[in-house]
Amino acid sequence: LTPCLSAVHEELFGDNLTAIIGPYCCAQFAVSRDTIRRHPLSFYENMLSLVDGSRNVDLCGVEGTKRSTQCYGYEFLWHIIFGEEPDPPAREDD
């Protein structure tokens with residue numbers, strides 16, 4: 001758990017990340033329309049604003065790489081964003 005990942009999680013969900021995160025490699029996932037719609041549009045607009053340059057936000061404290069480090073944080077959070085447990089089973093087990 002890195003300070004950057006914790007900061008991105010807190011910005012998205014409004015709470016501290018305390019669990020061990022075990023994401024699948026490379027942000028590969030399949031998700032249903034209903035699952036996507038569990039969050040309001042404003043949730044996704046906030047996500048976009050962290051990486052599209054419209055906000056001068058540096059959640060990760062790395063000078064010159066603001067948006068890319070937040071994108072990297074998303075890679076580790078997609079499964080949580082879509083309602084899965086923080087530490088999902090190995091791919092061959094699910």
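**Close-up 1. The salt bridge between Arg-55 and Glu-11**. In this predicted model, Arg-55 pairs up with Glu-11, and the closest N and O atoms sit 3.3 Å apart. That's the one salt bridge the structure holds. Arg-55 comes from the loop between α3 and α4 (66-75), while Glu-11 belongs to helix α1, so the pair ties together parts that are 44 residues apart in sequence. As background, side chains of opposite charge can pair when their charged atoms come close. How accessible are the two partners? Arg-55 counts as partly exposed, at 31% relative accessibility. Glu-11 also lands in the partly exposed class, with 28%.

**Close-up 2. Helix α1 crossing helix α3**. Here we look at residues 3-13 (α1) and residues 41-49 (α3), whose axes come within 10 Å and cross at roughly 145°. The crossing is right-handed. Which residues make the contact? On the α1 side they are Glu-11, Leu-12 and Phe-13, and α3 brings in Phe-43, Asn-46 and Met-47. Sorted by class, that gives four nonpolar residues, one polar and one charged. Glu-11 may look familiar from the first view: besides touching α3 here, this residue is the salt-bridge partner of Arg-55.

**Close-up 3. His-9 and its surroundings**. Staying with helix α1, this view picks out His-9. Is His-9 buried or exposed? With a relative accessible area of just 7%, His-9 falls under the 20% cut-off, so this residue counts as buried. The His-9 side chain reaches the backbone oxygen of Asp-15 at 3.2 Å. Asp-15 also shows up in the list of residues that His-9 touches, together with Gly-14, Asn-16, Leu-17 and Leu-77; that list skips anything up to four places away in sequence.

**Close-up 4. Ser-49 in helix α3**. Back over in α3, we zoom in on Ser-49. A polar atom of the Ser-49 side chain lies 2.8 Å from the backbone oxygen of Asn-46. Asn-46 is one of the α3 residues making the contact with α1 in the second view. Ser-49 has a relative accessible area of 11%, which means this one is buried too. What does Ser-49 contact once neighbours within four places in sequence are left aside? The answer is Ser-54 and Arg-55. And that brings us back to where we started, since Arg-55 is the residue that forms the salt bridge with Glu-11.

Technical notes:
Residues are numbered from 1 along each chain as its sequence is written. This is a predicted model: local features need pLDDT of at least 70, side-chain atom pairs count only at pLDDT 80 or more; totals for chains, interfaces and linings use all residues. Side-chain values use heavy atoms; hydrogens and water are left out. Axes are lines fitted to C-alpha atoms, for helices over the stretch in contact, and angles run from 0 to 180 degrees between N-to-C directions. Helices (H or I, at least four residues) and strands (E, at least two) are DSSP runs, numbered from the N terminus. A crossing is left-handed if the near helix is turned anticlockwise from the far one by less than a right angle, and right-handed if clockwise. Contact means heavy atoms within 4.5 Å. Ala, Val, Leu, Ile, Met, Phe, Trp, Tyr, Cys and Pro count as nonpolar, Asp, Glu, Lys and Arg as charged, and the others, Gly among them, as polar. Buried means under 20% relative accessible area, exposed over 50%, partly exposed in between (1.4 Å probe, protein chains only). A polar contact is a pair of N or O atoms within 3.5 Å; within protein, one must be able to donate a hydrogen and the other to accept it, and residues adjacent in sequence count only if both atoms are side-chain atoms. A salt bridge is a side-chain nitrogen of Lys or Arg within 4 Å of a carboxyl oxygen of Asp or Glu.
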